[in-house]
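Work through the exercises below with the sequence and coordinates open. Each task is followed by a solution in steps.

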Number of protein chains: 2
Amino acid sequence: MKLHILGCYAATPRTLTNPTSQVLEIGNHMFLIDCGEGTQVQLRKLKLKFSRINHIFISHLHGDHFFGLPGLVSTFRLLGREKELHIYGPKGIKDAITLLLKLGDSWTNYHIHFHELTSAGPEVIFEDDKVSVETVPLTHRVYTNGFLFKEKLGERKLSVEAVAKYKVDKAYFQNIKNGRDVTMDDGTVLPNALLSFDPPKPKSYAYCSDTAYKPDIVGQIDHATALYHESTFLESEADLAVKTKHSTAKQAAAIAKSAHVERLILGHYSTRYKSIGLFRQEASEVFPDVELADDGKFFEF
Amino acid sequence: MKLHILGCYAATPRTLTNPTSQVLEIGNHMFLIDCGEGTQVQLRKLKLKFSRINHIFISHLHGDHFFGLPGLVSTFRLLGREKELHIYGPKGIKDAITLLLKLGDSWTNYHIHFHELTSAGPEVIFEDDKVSVETVPLTHRVYTNGFLFKEKLGERKLSVEAVAKYKVDKAYFQNIKNGRDVTMDDGTVLPNALLSFDPPKPKSYAYCSDTAYKPDIVGQIDHATALYHESTFLESEADLAVKTKHSTAKQAAAIAKSAHVERLILGHYSTRYKSIGLFRQEASEVFPDVELADDGKFFEF
């Protein structure tokens, strides 16, 4: 799993900081998560291929998370896109994009599937044979979802040594990978555990932004490989976090700790702070493995 | 008059080129003309004060001319703006901005006056004691207006020498500036032309983008101090210009020539061309005083 941070600052785009957007490479997919103004320029800067994006997940309809979407949708058209595009986001997103395209008489020559979200509880919104994506309902000033991206448990790994030793015909290999035992010609049953190893543990990535401190998400994101959690404020602005329904770095760390995640990545920093180092410092008091997102940064899990 | 080019390239924002937006300083105003995605970042880069923008003119509702507007409107709010904002643009612009604000439950704490344009002919859409702005109806794929910004004729300049020579009391000075003659105590009439000079010739700036070649605008923009005219294509793509209702550099020059403007500034270049030098070359065959807009460039008239 690879995570490219296109932008991770709150509120307005500035000369050196971009509003929220990230690209998650998982399975064969390149998922775009949120799309603040300037996302398409960040995609170009990081040399990420527009044509590989087929699914876009929008957490909520504040400008710093989706004002880059109309432009990206238009650019896809100009680039001659024909493949369909899936957009997942709060109810209303279809009307917004459709109205903007209509006003410019700029209909796309590819089909856009809008998957409008309204559920108050978690729901699976994408699934194929390798990956699933489910919403993580959050608490913010408007209807907001985080997203949990999960790899599925893969096939078992064939023990090359064991199948050679027991002279198992290769016709059985797929069955073994699927977890089945093998019955030999003489009636001997070779148990699957003898012939294969456990598949790698599936990885998962939880994206939680924007949200007030919301401890009831920890069950859903339990043991995630990585958690991106917004930390708009430091403790000194904890009252402002409550008022604006955002989180502090310490609160993000408390979620990471309760959810037993492997790594915590902080982001969505208010631009009021001169440096982002203090976010790690405050979060580290609660949870050990804290990393700081920054525009253009790349993480691999 | 000062013109700051924030962006002058067609279609999509790229790493080094921005879609259309410019700031015109005229009178005490800082008018924003068009607002492609990334305009607010360009304003910051060029250190132009957000708070001085009170009037925004949008030519048409294609994304490369207005997808930066929702973000700018939101940023004004975050910056604590209280002054009202005037937005002039095609009918539909109010619905678009209002819907986006509504979806984010992000109402502005300042008032936005939308001046929706529908007229097929030119109309004065702004006027104060120093400046007027009128629409220049253009021909494009959607309803589009250029804008003609005109200084008003100022007061006549007092001839300090003449008023001293004829011992004119300073109580008459304002009358003289207003063009009146002066009747002295002995009944002598001093004609105004003796006591004052013509005011400086009012300057004007015509912004014409996007548009197909449209010779019938030349009467309205006759003798403009400067004309910014789109030149999306070179002659080699003249057929494409017709098809997409854009202009070539040569056609922009033909308009400049017929309208007897003092200077022609080209812009809205298609990003298909490696260098923009050829635009000047082709236009110069028709009109002598051709300049090339470029992002971050500054013109003074």
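## Exercises on a predicted model

**Exercise 1. Determine how much area chain A and chain B bury between them, and which residues of chain A lose the most.**

Solution.
1. The model is predicted. In it, chain A and chain B together bury about 2700 Å².
2. Carbon and sulfur atoms carry 67% of that area.
3. On the side of chain A, the residues that lose the most area to chain B are Glu37(A), Phe67(A) and Leu103(A). Together they make up 23% of what that side buries.

**Exercise 2. Describe the make-up of the side of chain A that touches chain B, and the polar pairs across the interface.**

Solution.
1. Count the residues: 33 of chain A are in contact with 33 of chain B.
2. Apply the salt-bridge rule across the interface: it finds zero.
3. Search for polar contacts: seven residue pairs are found, both residues at pLDDT 80 or more.
4. Assign elements: helix H1 (39–45), helix H3 (69–78) and helix H4 (93–103) of chain A each give two or more residues to this side.
5. Sort the residues of this side by class: 13 are nonpolar, 13 polar and seven charged.

**Exercise 3. Find the operation that lays chain A on chain B, and state which surface the copies use.**

Solution.
1. A turn of 179° with a shift of 0.1 Å along the axis lays chain A on chain B, with an RMSD of 0.2 Å.
2. This is the relation of a two-fold axis.
3. Of the interface residues of chain A, 100% are also interface residues in chain B, so the copies meet through the same surface.

**Exercise 4. Classify Leu43(A) as buried or exposed, and list its contacts beyond four places in sequence.**

Solution.
1. Locate the residue: Leu43(A) belongs to helix H1 of chain A.
2. Its relative accessible area is 0%. The cut-off for buried is under 20%, so Leu43(A) is buried.
3. Leaving aside neighbours within four places in sequence, Leu43(A) is in contact with Leu6(A), Val23(A), Leu48(A), Phe50(A), Ile53(A) and Leu72(A).
4. For a distance check, take Gln251(A): from Leu43(A) it is 208 residues away in sequence and 30 Å away in space, C-alpha to C-alpha.

**Exercise 5. Do the same for Thr211(A).**

Solution.
1. Thr211(A) sits in the loop that runs between strand S14 (204–208) and strand S15 (226–230) of chain A.
2. With a relative accessible area of 1%, Thr211(A) is buried.
3. Beyond four places in sequence, the contacts of Thr211(A) are Leu138(A), Thr139(A), His229(A), Glu230(A), Lys245(A), His246(A) and Ser247(A).

Notes. Residues numbered from 1 in each chain as written. Chains lettered and ligands numbered in written order. Predicted model: local features only at pLDDT ≥ 70, side-chain atom pairs only at ≥ 80, totals over all residues. Heavy atoms only, no water. Least-squares fit on C-alpha atoms with pLDDT ≥ 70 in both. Contact = heavy atoms within 4.5 Å. Buried area = accessible area lost by both parts, 1.4 Å probe. Salt bridge = Lys/Arg side-chain N within 4 Å of Asp/Glu carboxyl O. Polar contact = N/O pair within 3.5 Å; in protein donor to acceptor, adjacent residues only side chain to side chain. Helix = DSSP H or I, 4+ residues; strand = E, 2+ residues; numbered from the N terminus. Nonpolar A, V, L, I, M, F, W, Y, C, P; charged D, E, K, R; others polar. Buried < 20%, exposed > 50% of the residue type's maximum accessible area, 1.4 Å probe, protein only.
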